[in-house]
Amino acid sequence: MKKGYVMEVKEEYLLVMSEDRKFLRLQKRRGIDAGEEILFSESQVLDITGTTDRMEAFMKKIKHAKPMGIAAAMVLFLVLSIAALTGGEEEARYLLSFDVNPSVGIEVGENEEVLEVYAANDRAKELALEDLEGESLEVFLDEFLEKLAEKGYLNNDSAQVLLSYADLLEEEEASQDLIDRVTEQMQNYFAEKNLMVDINTLIAEGENYENARLEGITLGKFQLIKEIETEESRAVEGEEGIETEDAASEEGAESEDAGDTEDEEEASGDREEYRNMPVRELLQHPVFERHPRDRKAEGLHPVFDVHPRDWNPEDGDKPHPVFDQHPGNRGNDDQDEDREREEGEHPVFDQHPGDRDKEEGEHPVFDQHPRDRDKEEKEHPVFDEHPGDRDKEEGEHPVFDQHPGDREDSDEQESDDEGSSKDKPEHPIFANHPGNRGNGNSKR
Amino acid sequence: MKNFVEPKRNIETEIRAIQQGDSDLRNKLLAEYHPFIKSVLAKVLNEFIAEDHEYFSIGLLAFNEAMDRYDREKGKFLSFTAMVIKSRLIDELRKRNKLEAREVEGEEELMVIESPNFEKRLEDQLEIKAFTDRIEAFGFDLETLIDTAPRHDKTRERAIEIARALYEDEELRNTFLKTEKLPAQGLKKKAGASRRVLQRSRNFIIAVFFILDSDLEVLKKYLDL
């Protein structure tokens, strides 16, 4: 039971301010006057806020009304609910994620209300933040931070928040404004509670959202792992680049090949490991020579020394954040000696498919050369059975069930013997052999 | 020449005359305002009131009492009188409820714990009236306040802090009352309130401000909890 103060007595209900500073509508009871203090229970609070609720209250009221009135009200109700549906189905505009551990992702609509809350781990699920769906981002943050603090997630010395955001409309100004406000609200909260919590902000790519969810992590963590991996692969490329080029002999090619697959395995192993690693540790990853946060404070790009957009290839910067050489320039680069040797290099494959084929017996597209597969597993990259085998051993056609040649033979026989070829298709593709068309009928 | 239009009557002036002893006018007014009395009673009782209704006499007595109690400080005579009638009727209902052994269906949960005496209640009601008048000058009433007040405890608490800062800082208070706008910059500096919070919780902040600025002791006590 709570105390409340009656401020006004309406026809249908009481307007009350409660001791917990809420303004409420309460079920009316006779004999209560404005200016009196009352005791009420939660069950007496009328929840008629907003248009839909008022509509429902209205519906209840007209329940006993005349049928015509109900019909009219139904129509009105229908119209209103359609309006509510079409207006209510808002699409996500911003994707935000918070990794404190707990890890939480949220989808935020154009009007900065939280549309969906995604708990990326068990700790997050415990917080039951789904209840806050529909609240404003501001209220969500308040409650979220409060819950984090309650559970003691913010109190330890090393507490950090990885805050990531993606604006699906990619309007830099709007999303920057949003994230500034979010950061401000968080900082204010931490300051108010005397908490030492660092906030690391990361711009994420919205297109990875699905993948992040599939992997059961937040978009921010996904982005972080991605950046670490990019950095690592860059480091690997840099160290081994020269060696690889020198060892382009046959034997060297094999070992290189083996090395590649090993690397791949290692990478996917890392990924798994990263996924299970707390964000706090990821942020300590050696690829970030300095903490990205500090870099950001210095006006530097969190990952790259020079902001990619400022890169100047003439100063010796890599022209592309991922590739050593900008894919567009590959092959056209005649100035560099090394490059000249590799002229005609392919923009996508490390090695030009043509070269691979010739030198290493590799196939430009398939990991294993279809030829080898054929020998070992009798597999074809496309067909279950290698068309070549079929052809030789069973007299089958690689593509068609029956060899077109056979067909023609049998058809010819048929037409000779029985004088009829109407039932069976004569040509592998056309129902009637084109050759027979036109003059076939006149012959018979 | 004869005046075809009667000079506009001012009920407040007439009450003054009645208070000075014009009993004819008193009876005339009482008779004239039967419909008004009935409508006030009907609102509380939710039923049609005829002149032979058991509570009609309560209404008449209350109207008569209101004529004696009224002064200009209490606002409009009729709204003041409505208050008096309602309060008297409620007292009466309560008296009978005690005798009638509670037979109200499932409504008992709502209990009056603190009912000031009649005079005090009237005073409070006038105070509430003054409060609602003030917030209405800012474009909202109690109903909209209920609908727009921050629903989350934390947000509400912050809004109260802001309202308190606004009330306690003389400079901010004066700016607010003069411009009738929440001084965003000053509140940001002194209470760390972001423009957004001010926008979202505007009505609530203003309402709390005027509660702090009123004599509504119960509400002020709630705010201090």
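**Notes on a sheet shared by two chains**

1. A good place to start is strand E4 of chain A, where A:Phe40 is the bridge partner of A:Lys2. That pair belongs to the contact between E1(A) and E4(A), two strands that run antiparallel and are joined by four bridges. Please keep in mind as you look that this is a predicted model.

2. What does E4(A) pair with in chain B? Its partner there is E1(B), again antiparallel, through three bridges. One residue pair to pick out on screen is A:Ile38 with B:Val112, its bridge partner in E1(B).

3. Put together, these strands belong to an open sheet of six, in the order E5(A)-E3(A)-E2(A)-E1(A)-E4(A)-E1(B), with antiparallel pairing. Which strands form the edges? They are E5 of chain A (45-46) and E1 of chain B, each of which pairs on one side only.

4. Now for the wider interface. In total, 39 residues of chain A are in contact with 39 residues of chain B. On the chain A side, the elements giving two or more residues include strands E1 (2-9), E2 (13-18), E3 (23-27) and E4 (37-40), and helices H4 (137-150) and H5 (172-192) also contribute. By residue class, that side of chain A divides into 18 charged, 13 nonpolar and eight polar residues.

5. A word of care about confidence. The predictor gives the complex an ipTM of 0.75 and a pTM of 0.41. Chain B has a mean pLDDT of 85, with 90% of its residues at 70 or more. Among the elements of chain B, however, strand E1 (residues 111-114) has the lowest mean pLDDT, 74, while helix H12 (residues 202-212) has the highest, 95. So do read the pairing in point 2 with that value for E1 of chain B in hand. Over residues 99-107 of chain B, pLDDT stays under 50, and the model has three contacts beyond four places in sequence for this stretch.

6. Helix H4 of chain B (residues 56-69) makes a nice check on geometry. Its 14 residues should span 20 Å at 1.5 Å a residue, and the end C-alpha atoms are indeed 20 Å apart. Buried in H4(B) are B:Gly59, B:Ala62, B:Phe63, B:Ala66 and B:Met67. Seen down the axis, the buried residues of H4(B) fall within an arc of 145°, so they line one face of the helix.

7. Finally, chain A as a whole: its secondary structure comes to 16 helices and ten strands. Of its 444 residues, 20% count as buried. Among chain A contacts between residues at least 6 apart in sequence, 39% join residues at least 24 apart.

Technical notes
Residues are numbered from 1 along each chain as its sequence is written. Chains are lettered from A and ligands numbered from 1 in the order in which they are written. This is a predicted model: local features need pLDDT of at least 70, side-chain atom pairs count only at pLDDT 80 or more; totals for chains, interfaces and linings use all residues. pLDDT is the predictor's confidence in each residue, from 0 to 100. Two residues are in contact if their C-beta atoms, placed from the backbone, lie within 7 Å. Ala, Val, Leu, Ile, Met, Phe, Trp, Tyr, Cys and Pro count as nonpolar, Asp, Glu, Lys and Arg as charged, and the others, Gly among them, as polar. Two strands pair if DSSP finds at least two bridges between them. A residue is buried if 20 or more other C-beta atoms lie within 10 Å of its own, exposed if 12 or fewer, and partly exposed in between; C-beta atoms are placed from the backbone. The expected span of a helix is 1.5 Å times one less than its number of residues. The arc is that of the directions from the helix axis to the C-beta atoms.
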